[in-house]
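Visitor: Could you take me through one part of this model in close-up? I'd like to look at the place where the two chains meet, and then at what sits behind it.

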Amino acid sequence: MENSSLSKNTIAFGLSLAVTSVINGLLVVAKEKSPAVQSLMKRLIGHHWITHSAGIILLFLVLGWLLAKTNGGQGVKIAFPNLLGTVVGGVALGALIIVGFYLFAD
Amino acid sequence: MNELLLMAHVSFGVLCLLATVWVFVDTLQASEANLARIKWLSRLAASAMWLAFLVGGWWYVTLYPADKAIILKGPWPFAHNLFMETKEHLVILLLLLTTYLPIVAAGNLAANKAARKLTLWVAALIVLLALTMEGEGAFIAMGVKVALLAGK
């Protein structure tokens with residue numbers, strides 16, 4: 001018997017993946033365009049890329065964990081087509097921001 | 001030793017890629033018989049990617065600056081300005097996707113169409129990004145080589 005319900009972790013971390021992917025791209029633009037942002041990121045852990053990576057990974061984990069805890073512990077509710085579109089769209093947009101920036105804006 | 005570490009980075013990346021392709025193919029014909037293998041392979045893909053990321057990250061921070069200086073003086077500065085710059089940030093997306101893969105694949109893919117479809121999409125994105133990483137790595141290595149050859 002086929003069903004289409006997804007676990008709360010699948011939905012929560014899927015949404016977190018989409019959001020952090022876009023933030024990852026925006027952070028690239030911010031640190032490349034603003035010497036102050038890049039300098040701050042260097043000072044935080046010693047290298048801008050380490051701060052960038054650690055921050056994005058931490059955001060992914062914390063946001064996913066928080067989204068799984070909402071709604072009285074049942075997690076976020078979202079229809080599957082919307083989740084799929086958000087995950088694929090978020091990752092694609094995050095990648096396009098990075099590639100587009102280094103191709104055209106840097 | 002440093003070159004071996006770089007090869008380990010590439011090898012773990014390829015292992016991640018192969019495990020993910022296997023997950024994709026197994027998921028296309030998911031059944032009770034291959035569910036355990038799909039879960040195990042998705043964890044293998046994630047573990048391999050984390051190892052590739054940590055080894056590559058250490059190499060990038062400590063050893064790459066010397067290569068970067070060589071590349072920028074050579075005929076292929078875009079090997080750094082485009083390929084390394086995009087690679088070092090796209091790889092974070094790849095790490096997140098591979099970390100997400102075992103979470104999606106933890107469901108009963110044989111009985112759950114939505115979980116199966118999401119697993120296929122996530123695996124496909126991983127394969128696409130992993131192949132991009134491998135290609136960009138080749139351009140970066142060639143950037144060093146052509147710069148050294150030009151300086152002879």
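Guide: Sure. One term before we start: buried area is the accessible area, taken with a 1.4 Å probe, that two parts lose on being put together, summed over both. Keep in mind, too, that this is a predicted model.

With that in hand, the area buried between chain B and chain A comes to about 3000 Å², and carbon and sulfur atoms give 78% of it. In terms of residues, chain B puts 33 into the contact and chain A puts in 37. On the chain B side, keep an eye on His89(B), Leu96(B) and Tyr100(B): together they supply 20% of the area that chain B buries against chain A, more than any other three residues.

What about polar links across the interface? Salt bridges between chain B and chain A number zero. Polar contacts do turn up, though: five residue pairs across the interface, both partners at pLDDT 80 or more.

Now for the elements behind the chain B face. Helices H2 (35-62), H4 (78-105) and H5 (113-150) of chain B each give two or more residues to the side that touches chain A. H4(B) gives the most, with 17 residues. Sorted by class, that side of chain B has 22 nonpolar, six polar and five charged residues.

Stepping back to chain B as a whole, its secondary structure is five helices and zero strands, so to speak an α-α-α-α-α run from the N terminus on. Its C-alpha atoms fill a box of roughly 60 × 25 × 20 Å along the principal axes.

H2(B), one of the helices on the interface side, is worth following a bit further. The structure holds one salt bridge over all chains, and here is a pair that qualifies: Asp26(B) with Arg37(B), their closest N and O atoms 2.7 Å apart. Asp26(B) belongs to helix H1 (residues 2-28) of chain B and Arg37(B) to H2(B), so the pair, eleven residues apart, links distant parts of the chain.

H2(B) also packs on helix H3 (residues 64-73) of chain B, where the two axes come within 5 Å and cross at roughly 60°. H2(B) and H3(B) are therefore oblique to each other. Trp59(B), Tyr60(B), Val61(B) and Thr62(B) make the contact from H2(B), while Tyr64(B), Pro65(B) and Asp67(B) make it from H3(B). By class, that contact has five nonpolar residues, one polar and one charged.

Over in chain A, there's another helix pair to look at. Helix H2 (residues 35-45) and helix H3 (residues 48-69) of chain A pack at an angle of about 80°, with their axes 7 Å apart. That makes H2(A) roughly perpendicular to H3(A). H2(A) brings Gln38(A), Met41(A), Lys42(A), Leu44(A) and Ile45(A) to the contact, and H3(A) brings His48(A), Ile50(A), Thr51(A), His52(A) and Ala54(A). Those residues divide into five nonpolar, four polar and one charged.

Notes. Residues are numbered from 1 along each chain as its sequence is written. Chains are lettered from A and ligands numbered from 1 in the order in which they are written. This is a predicted model: local features need pLDDT of at least 70, side-chain atom pairs count only at pLDDT 80 or more; totals for chains, interfaces and linings use all residues. Side-chain values use heavy atoms; hydrogens and water are left out. Axes are lines fitted to C-alpha atoms, for helices over the stretch in contact, and angles run from 0 to 180 degrees between N-to-C directions. Helices (H or I, at least four residues) and strands (E, at least two) are DSSP runs, numbered from the N terminus. Angles under 35 degrees count as roughly parallel, over 145 as roughly antiparallel, 65 to 115 as roughly perpendicular and the rest as oblique. Contact means heavy atoms within 4.5 Å. Ala, Val, Leu, Ile, Met, Phe, Trp, Tyr, Cys and Pro count as nonpolar, Asp, Glu, Lys and Arg as charged, and the others, Gly among them, as polar. A salt bridge is a side-chain nitrogen of Lys or Arg within 4 Å of a carboxyl oxygen of Asp or Glu. A polar contact is a pair of N or O atoms within 3.5 Å; within protein, one must be able to donate a hydrogen and the other to accept it, and residues adjacent in sequence count only if both atoms are side-chain atoms.
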